[in-house]
Amino acid sequence: MATLPQTSSTRTLLLPLAAALVAGFAAAALVLFTLNDLAIAVGFAGAGLLFVGLLLSARHLFRSEAVAEPRADWTVAHALAAASSDALAVTDRSGKLVCANDRYEALFGGWPTPPNLPISDTAADALGQAARAAWRDGEGRAENIQVFGAPIAAHVARSGDESLVWRFVGIQALDLANQLQDLIDGATGDRLGAAGIMTVLVTPNGRIRAANPVFRARAMGAVEAAIEGRDFARFLITDSVGLVRFEREGMTGTPLRVLQIPFLEGEDSPMLVALLDEEDINLPTPAIGPSAAAHVRSLIALLPSGIALIDRDGRFVHMNDPFVRAARINAAAPPLYPIDLVVREDKAALADAVRRFAGGAAQSAEMTVRFNDAPEEPVALTIAGARGLGDAAVLISLKDSGEEGKLKRQVAQATKMQAVGQLAGGVAHDFNNILTAIIGHCDLMLMRHSPGDSDYDDIQQIRANSNRAASLTRQLLAFSRQQTLRPQILQIPDVISEVSNLLKRLLGETVRLEVKHGRNLGPVRADPGQLEQVVVNLAVNARDAMLSANPNGGGTLTIETLAVSASEVRRMDDDVLPLGDYTALRIADTGTGIPAEILPKIFEPFFTTKEVGKGTGLGLSTVYGIIKQSGGFIFADNLPSGGAEFTVYLPVHAAPEAQVAKAPVSKEKPADLWGSGTVLVVEDEDMVRAIAERALSRQGYTVVTAENGEVALEMLEGMDRPDLLISDVVMPLMDGPSMARQVRRKHPDLPILFMSGYAEEQLRRSIDLDNVAFLPKPFSVQQLAEAARDILNSK
């Protein structure tokens with residue numbers, strides 16, 4: 001590890017020696033900490049503290065003498081840092097580079113001081129922000145920093161108050177370029193040259209980075225000629241029929257077959273180029289020796305991209321390990337043809353592309369296919385002709401997306417769920433206005449009819465079905481995270497205890513219920529009623545799955561609670577679950593599990609595998625919305641032993657146990673809803689405004705109505721102060737909260753009742769007013785009268 005020189009005094013005593021040892025151990029501990037070996041790092045730190053004591057004692061004894069400034073002994077730290085596959089560097093408080101390992105030097109071509117590295121201005125700004133975050137918070141990150149066309153990540157950590165540790169992760173692709181350069185310049189390049197294969201490593205801007213001796217001799221006329229940094233294209237010429245030759249050999253030179261191997265992704269990545277003599281241009285595949293073919297395959301085996309060679313008949317000749325992993329191939333029984341890997345709809349297109357390039361098609365092409373075992377995940381293939389590689393006629397390359405693909409699918413799923421949620425929430429809000437009018441008119445008609453009347457039962461049926469529709473809109477609002485919740489600080493085992501008796505009745509006698517509670521469970525903040533609905537929905541789905549697998553009944557439903565610490569979350573290395581402490585709820589069954597093609601869709605609204613009329617498809621989407629609105633996360637997986645498992649993670653709420661809420665006791669409401677005074681109703685929906693006016697007038701109030709906020713403000717200018725303002729929240733021109741703020745400037749103590757189809761919690765974040773009540777839509781005539789009476793009585 002390179003270190004910055006330090007100045008020192010000529011007089012040396014015990015103090016400089018001790019200080020040097022301290023610096024050396026501190027450096028070693030610092031590097032070990034970046035390698036995540038905390039136990040060893042703590043040991044080094046302890047040794048450092050011991051020597052700090054010696055240092056302070058010596059400083060006290062020799063205070064009057066000039067003491068040499070120590071130079072850190074980084075020998076041990078260098079050996080430890082060399083073991084890391086990452087590039088490491090340390091800077092001090094002044095921003096000066098203190099030390100760095102060899103991989104850092106190889107990555108950046110020397111010892112530049114971060115963030116001023118040979119990268120783009122945008123990437124340098126991102127590194128600067130990560131450094132400022134590290135000084136402030138102890139840690140900072142910068143993702144997707146482009147270095148020579150390859151993306152890397154930078155992790156910056158503060159060490160004490162004087163140093164920053166820079167760790168650059170994901171440089172293996174750049175290391176691969178260096179390895180290929182060494183191979184081409186070394187004995188492997190000589191062996192390929194002896195077999196007649198010229199190899200060149202070309203930089204993104206077309207400059208030669210490395211070339212084997214046979215290429216140097218043909219292109220420059222001398223093996224020892226310096227060719228690095230020269231323009232690769234300047235050495236080649238093309239005739240009228242497209243044949244490529246060396247420029248110095250002229251048009252009478254031997255035609256060349258040029259094979260480009262994209263071993264790194266991205267347009268700015270280095271390119272490996274192989275050139276072969278094509279003595280007889282009428283032969284589609286000039287033969288090469290078996291040893292040369294073995295060298296080419298060895299070279300392909302080093303590449304991180306998945307590459308396969310196909311013969312003229314469309315059969316696999318060779319495939320490297322990344323191709324086997326990315327294509328999910330069973331190594332024990334590999335397929336014969338590429339079309340065996342893809343779904344039926346993509347077979348014809350892939351076969352046609354292979355046939356076209358096997359016949360000598362120039363250039364290359366990209367196409368998207370879907371593999372049989374993952375039809376929901378399109379994969380991009382690059383197909384090119386591969387003449388000059390023995391039996392191989394076509395080269396297919398694909399990228400092993402692995403974790404990147406998983407993260408992209410998670411992001412895409414989350415984005416889709418958010419978009420569907422916004423649509424569902426908007427539909428539910430508009431539908432709630434219609435249901436408010438229907439339920440309100442039913443209530444008014446029931447006041448004029450008595451039981452036994454011929455119309456009474458019909459009106460009751462209309463009202464009952466309207467309430468069923470209202471429950472569906474509540475489920476849509478729950479999915480879109482716009483449901484009105486009443487969150488409390490609670491313990492999940494208490495919720496399970498409340499609902500366990502109901503579960504036993506729902507599950508029946510053939511399904512056994514097992515409940516296991518973990519220790520040290522932290523409190524969570526959630527709506528207990530909605531959390532009970534989550535447990536019931538998941539349990540009922542599990543029961544149905546077990547009964548469908550075993551019509552005679554039987555099975556076990558397991559409900560488990562457990563504490564998940566931040567360290568456990570870190571070990572899980574999940575891209576979706578943020579770092580923190582959670583209380584988890586796990587519900588597992590012994591059914592057949594969830595089919596892989598259905599698993600990504602189960603939380604979507606109206607998606608159901610049940611028969612028509614036996615399910616709305618809103619059960620799991622409601623669960624999803626409730627958990628997300630409560631700040632939690634839910635995951636579904638199949639168990640190895642069979643059955644499905646749902647795991648809910650709710651963040652631990654940082655509140656004393658004394659604040660954990662008990663179930664609220666419902667208070668008896670007085671039957672008398674009669675009132676007096678003037679009420680101003682502001683509602684843009686005519687039918688809802690008419691219902692509110694008639695309902696309040698029947699209870700004795702004087703009602704004045706306005707169709708929007710601007711009209712309401714004009715009416716207030718010409719009338720006395722009303723006793724109550726009832727307003728919709730979302731209206732055209734001027735919304736309810738904006739109107740209420742202006743009203744409060746003139747009447748600061750005017751009580752306000754907001755009514756809306758959206759969630760109360762969501763609305764309260766945008767309403768910064770006191771003495772405000774909320775009534776969710778749809779509501780009945782009685783609920784409106786009760787809300788008006790309660791807010792007027794609370795004055």
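Here are some worked exercises on this predicted model.

**Exercise 1. Getting oriented**

Work out how many helices and strands there are in the protein, and what share of the residues is buried.

*Solution.*
Step 1: Start with the secondary structure. There are 22 helices and 29 strands in the protein.
Step 2: Turn to burial. Of the 795 residues, 46% are buried.
Step 3: Now look at contacts between residues at least 6 apart in sequence. In this set, 61% join residues at least 24 apart.

**Exercise 2. A salt bridge between distant parts**

Find the acidic partner of Arg218, then say which elements the pair links.

*Solution.*
Step 1: Check the distance. Arg218 forms a salt bridge with Asp277, and the closest N and O atoms sit 3.1 Å apart. The cut-off is 4 Å, so the pair qualifies.
Step 2: Place the two ends. Arg218 belongs to helix 8 (residues 213-220) and Asp277 to strand 12 (residues 271-277), so the bridge links distant parts of the chain, 59 residues apart.
Step 3: Ask how accessible each end is. Arg218 has 16% relative accessibility and counts as buried, while Asp277, at 27%, counts as partly exposed. The dividing value is 20%, so the two residues get separate labels.
Step 4: Look for shared partners. Salt bridges join Arg218, Glu249 and Asp277 into one network.
Step 5: Zoom out. The count for the structure comes to 22 salt bridges.

**Exercise 3. A strand-to-strand pair and its hairpin**

Identify the strands that hold Glu645 and Arg586, and then work out how strand 23 and strand 24 are arranged.

*Solution.*
Step 1: Begin with the salt bridge. Glu645 pairs with Arg586, with 3.9 Å between the closest N and O atoms.
Step 2: Glu645 lies in strand 24 (residues 644-651) and Arg586 in strand 22 (residues 582-588), so the bridge ties together parts 59 residues apart in sequence.
Step 3: For burial, Glu645 comes out as buried at 18% relative accessible area, and Arg586 as partly exposed at 21%.
Step 4: Stay with strand 24. Strand 23 (residues 633-638) runs antiparallel to strand 24, and six bridges join them. One bridge to look up has Phe635 facing its partner Thr647 in strand 24.
Step 5: Strand 23 and strand 24 form a hairpin with five residues between them, and in the turn Gly642 has a positive phi of about 105 degrees.

**Exercise 4. A salt bridge inside one helix**

Explain why Asp686 and Arg689 are separated by about one helical turn.

*Solution.*
Step 1: The pair forms a salt bridge, with the closest N and O atoms 2.7 Å apart.
Step 2: Both residues are in helix 18 (residues 686-698), and they are three residues apart, so about one helical turn separates them.
Step 3: Compare the labels. Asp686 is exposed, at 52% relative accessible area, whereas Arg689 is buried, at 14%.

**Exercise 5. The buried side of helix 7**

Decide which residues of helix 7 are buried and how they are spread around the axis.

*Solution.*
Step 1: In helix 7 (residues 187-194), the buried residues include Thr188, Gly189, Leu192 and Gly193.
Step 2: These residues cover an arc of only 140 degrees around the axis, which puts them on the same side of helix 7.
Step 3: Look just after helix 7, where Gly196 takes a positive phi of about 90 degrees.

**Exercise 6. The five-strand sheet**

Write down the strand order of the open sheet of five strands and place the helices that lie across its strands.

*Solution.*
Step 1: The order is 26-25-27-28-29, with parallel pairing.
Step 2: Strand 26 (702-706) and strand 29 (772-776) are the edge strands, and each pairs on one side only.
Step 3: From one strand to the next, the twist averages 20 degrees.
Step 4: Check one pairing. Strand 25 (residues 678-682) is joined to strand 26 by five bridges, and Leu680 has Val704 in strand 26 as its bridge partner.
Step 5: Add the helices. Helix 19 (residues 709-717) lies across strand 25 and strand 26, at about 130 degrees to strand 26. Helix 22 (residues 781-793) lies across strand 27 (724-728), strand 28 (752-756) and strand 29, at about 150 degrees to strand 28.

**Exercise 7. Cysteines**

State how many disulfides the structure holds, and whether Cys99 and Cys442 are buried or exposed.

*Solution.*
Step 1: The structure holds zero disulfides.
Step 2: Cys99 is buried, at 1% relative accessible area, and Cys442 is buried too, at 4%.

Terms used:
Residues numbered from 1 in each chain as written. Predicted model: local features only at pLDDT ≥ 70, side-chain atom pairs only at ≥ 80, totals over all residues. Heavy atoms only, no water. Salt bridge = Lys/Arg side-chain N within 4 Å of Asp/Glu carboxyl O. Helix = DSSP H or I, 4+ residues; strand = E, 2+ residues; numbered from the N terminus. Buried < 20%, exposed > 50% of the residue type's maximum accessible area, 1.4 Å probe, protein only. Disulfide = S-S within 2.5 Å. Arc of directions from axis to C-beta. Pairing = 2+ DSSP bridges. Axes fitted to C-alpha atoms, helices over the stretch in contact; angles between N-to-C directions. Contact = heavy atoms within 4.5 Å.
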